[in-house]
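Work through the exercises below with the sequence and the coordinates side by side, and try each task before reading its solution.

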Amino acid sequence: GEDYFMVASSFSNSPALPILHSKDLVNWKVVNYCLKHIPEFRYNNPLHGCGVWAPSIRYHEGTYYVCFPMPDEGIYMTTTKDPFGEWSEPVNIRPGAGWIDPCPFWDDDGNAYLVAGVAKSRIGYKSVLHIVRMRPDGMGIFGDEVKIFDGNENDQITIEGPKMYKRNGYYYIFAPAGGVKTGWQTILRSKNPFGPYEYKVVLRQGDSPVNGPHQGGWVDTNTGESWFVHFQDKGAYGRVIHLNPMTWVNDWPVIGVDKDKDGCGEPVTTYKKPNVGKTYPIVTPPESDEFNTRHLGLQWQWHANKKDTYGFTTDLGYIRLYAGSLSKEFVNFWEVPNLLMQKFPAEEFTATTKLTFTAKQDREQTGI
């Protein structure tokens, strides 16, 4: 309909797997989290580089599905009828390390599939995409896993992050290659979900300032426009989101602006907004918090799964936090679970707060 939803990785921060909502693909707001807690006991401590990696969100026959990987534990699925409400307890539909970046797909004939990449750090090799049959309810996979593309055999090294679609009888897999900092967007297509697939590069940095434009998804509007939502790696600032126009030429997508008409575009820095039939007000993710309700703002995440002993919110204009005990005498913040944090809202910003510290015993510390 008129609603767009986006999900993102969150690693070992909690609550996990944020959901964003938009009416026009430009103004986004954080509206929920799929996971109140990361579903493994070891995430009671921060485990950097582990936890929730790149998820995908799909809508099928009245149900929202979010499929997400935990590279050491497996591929999980959670569902809901209301993305603003409660999400189901996640089910590990493919236990075991190695598979990442899953995307479910439902075909016209009722068959369902799961496509995924692999992480060399967990499985010993990379640049390979697999597909496997999935139960129509999304709660399991079956049959043999089929390797459908090997980037080691061509110039598509580090291909990963597949997203699967169908259009005009073709199965498409949108997959980034070349690495997050310097890579590009590759498209695979076939008349059969198990291949063989041909491929084409459709988006590169070119002369634009947007490095590594890839790892995104195709979105179509109710007015018939196509758009591509993807990220750009900006180091400590994270992976920021870009929106690029997308057209179809000879059953291949062309993303961004194709200056030389070779079928491969480059990202735009300024462009008209999508035509969604209406105009909506400017919205940004929340930043400030007066702590005057009994619930934390949705911008806040803990460094690891939250425990009740970390503190509590109030409706009196403050949040009360408690010191936690650590096994080591000297520890840096990298290892502390009870940090309350939010992502940088911009490259330059000012943060102001009032802090009162009442130590109960020696060696207690606090800070911002």
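The exercises that follow concern a predicted model, and each is solved step by step.

**Exercise 1. Determine how strand β9 (residues 112-118) is placed with respect to solvent, and which strands pair with β9.**

Solution. Begin with burial, for which the cut-off is a relative accessible area under 20%. In β9, 7 of the 7 residues are buried, so the strand is largely enclosed by the rest of the structure. Next, separate the two faces. In a regular strand the side chains alternate between the two faces of the sheet. In β9, Ala112, Leu114, Ala116 and Val118 point one way, whereas Tyr113, Val115 and Gly117 point the other way, and residues of both sets are buried.

Then turn to the partners. Strand β8 (residues 99-106) runs antiparallel to β9 and is joined to it by 6 bridges, with tryptophan 99 standing opposite valine 118. The hairpin of β8 and β9 has 5 residues between the strands, and glycine 110 in this hairpin takes a positive phi near 95 degrees. Strand β10 (residues 128-134) is also antiparallel to β9, through 5 bridges, and here valine 115 of β9 faces isoleucine 131 of β10.

**Exercise 2. Locate the cis peptide bonds that precede proline 15 and proline 196.**

Solution. Most residues other than glycine have a negative phi, and most peptide bonds are trans. Serine 14 and proline 15 are nevertheless joined by a cis bond with omega about 0 degrees, and proline 15 belongs to the loop between β1 (4-7) and β2 (16-22). The bond from glycine 195 to proline 196 is likewise cis, with omega near 5 degrees, and proline 196 sits in the loop between β14 (184-190) and β15 (198-203).

**Exercise 3. Decide whether leucine 25 and aspartate 251 are buried or partly exposed, and describe the backbone at each residue.**

Solution. Leucine 25, although not a glycine, has a positive phi of about 70 degrees, and its place is the loop between β2 and β3 (28-35). Because its relative accessible area is 4%, leucine 25 is buried. Aspartate 251, also not a glycine, has a positive phi of about 65 degrees and lies in the loop between β18 (239-249) and β19 (252-255). With a relative accessibility of 23%, aspartate 251 counts as partly exposed.

**Exercise 4. Identify the residues that form a nonpolar surface patch with Phe344.**

Solution. The partners of Phe344 in this patch are Tyr237 and Phe349, and together the three residues have about 310 Å² of accessible area. Phenylalanine 344 itself lies in the segment after β23 (340-341), and its 48% relative accessibility makes it partly exposed.

Methods: Residues numbered from 1 in each chain as written. Predicted model: local features only at pLDDT ≥ 70, side-chain atom pairs only at ≥ 80, totals over all residues. Heavy atoms only, no water. Patch = residues over 30% accessible without salt bridge, like charges linked within 9 Å, V, L, I, M, F, W, Y side chains within 5 Å. Areas by Shrake-Rupley, 256 points an atom, 1.4 Å probe, with all protein chains shown as cover. Salt bridge = Lys/Arg side-chain N within 4 Å of Asp/Glu carboxyl O. Helix = DSSP H or I, 4+ residues; strand = E, 2+ residues; numbered from the N terminus. Buried < 20%, exposed > 50% of the residue type's maximum accessible area, 1.4 Å probe, protein only. Pairing = 2+ DSSP bridges.
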